[in-house]
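Hi everyone, thanks for making time this morning. I'd like to walk you through a structure, starting with one residue and working outwards. Here it is on the screen.

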Amino acid sequence: MIDDKHGQNKMLDALNARSLAAKREYVRELEMRGDAQALASLVECLCDESWYLRDLAEQVLLRRGARGADVLVPLLAEGLWFTRTSAARILGRLGCGDAVPALFPLTEDANDTVAAAARDALIAIG
C-alpha cells in the first residue's frame with residue numbers, strides 16, 4: 001500500500017506545473033547558451049523519458065538547424081526507441097541528406113514508431 005501511494009506521488013510530481021515550467025526553463029537556457037555543452041545537454045534531453053522534455057529539445061534543435069545535425073546521426077543507431085524516433089524526426093525536418101544512409105536501416109526497425117519516423121524523414125529529405 002505504501003508503495004502505491006509513493007508511486008502516485010511520483011506521477012503527480014512529474015505532472016506538476018512547476019516541474020513542467022522547470023523543464024521549459026532548462027531547455028530555454030540551453031538554447032540561449034548555444035555552446036557545445038548545451039548541445040550535448042539537448043541531446044541528453046532526447047534520451048529522457050519525459051515526452052515534454054524531448055519535445056522541447058526537438059524544437060530547439062530544429063531552430064539550431066544544421067549546426068546540430070551531426071550529433072543526431074549517431075542516435076539513430078543506438079538508444080531507446082523514443083530517442084531514435086526524435087533524432088529521425090529532427091533530421092528529416094532539417095532535410096539532412098547526410099543522415100540518409102543511417103535512416104534506411106531504421107525503416108525496418110522492430111519498433112513501428114521508429115520505422116515510421118525513419119520513412120517520414122526519408123520522404124522529407126527526398
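Let's begin with Tyr52: is this residue buried, exposed or something in between? Its relative accessibility is 21%, and buried would need a value under 20%, so Tyr52 counts as partly exposed. Please keep in mind that this is a predicted model, and the values I quote come from computing on that model.

Where does Tyr52 sit? You'll find Tyr52 in helix α4, which covers residues 51-64. Leaving aside residues up to four places away in sequence, Tyr52 touches Leu20, Lys23 and Arg24. Take Lys23 from that group: 29 residues separate Lys23 from Tyr52 in sequence, while their C-alpha atoms are 8.1 Å apart in space.

Let me zoom out for a moment. The protein chain has seven helices and zero strands. Of its 126 residues, 37% count as buried. If we take contacts between residues at least 6 apart in sequence, 56% of them join residues at least 24 apart.

Now, over to helix α7, residues 112-125. A quick check on its length: with 14 residues at 1.5 Å a residue, α7 should span 20 Å, and its end C-alpha atoms are indeed 20 Å apart, so the two agree.

Which residues of α7 are buried? They are Val114, Ala115, Ala117, Ala118, Ala121 and Leu122. These buried residues cover an arc of only 165 degrees around the axis, which puts them on the same side of α7. If you like the textbook reminder, an α-helix has 3.6 residues a turn, so residues three or four places apart point the same way. On the other side of α7, Asp112, Asp120 and Ile123 are exposed.

And what do the buried residues of α7 pack against? Two helices: α5 and α6, the latter being residues 100-103.

Let's look at the α5 partner, residues 81-94. The axes of α5 and α7 come within 8 Å and cross at roughly 10 degrees. Angles under 35 degrees count as roughly parallel, and therefore that is what we call α5 and α7. From the α5 side, the contact is made by Trp81, Arg84, Thr85, Ala88, Leu91 and Gly92. They meet Thr113, Val114, Ala117, Ala118, Ala121, Ala124 and Ile125 in α7. By type, the residues of this contact divide into nine nonpolar, three polar and one charged.

That's my tour, and I'm happy to go back to any part of it.

Conventions:
Residues numbered from 1 in each chain as written. Predicted model: local features only at pLDDT ≥ 70, side-chain atom pairs only at ≥ 80, totals over all residues. Heavy atoms only, no water. Axes fitted to C-alpha atoms, helices over the stretch in contact; angles between N-to-C directions. Helix = DSSP H or I, 4+ residues; strand = E, 2+ residues; numbered from the N terminus. Parallel < 35°, antiparallel > 145°, perpendicular 65-115°, else oblique. Contact = heavy atoms within 4.5 Å. Nonpolar A, V, L, I, M, F, W, Y, C, P; charged D, E, K, R; others polar. Expected span 1.5 Å × (residues − 1). Buried < 20%, exposed > 50% of the residue type's maximum accessible area, 1.4 Å probe, protein only. Arc of directions from axis to C-beta.
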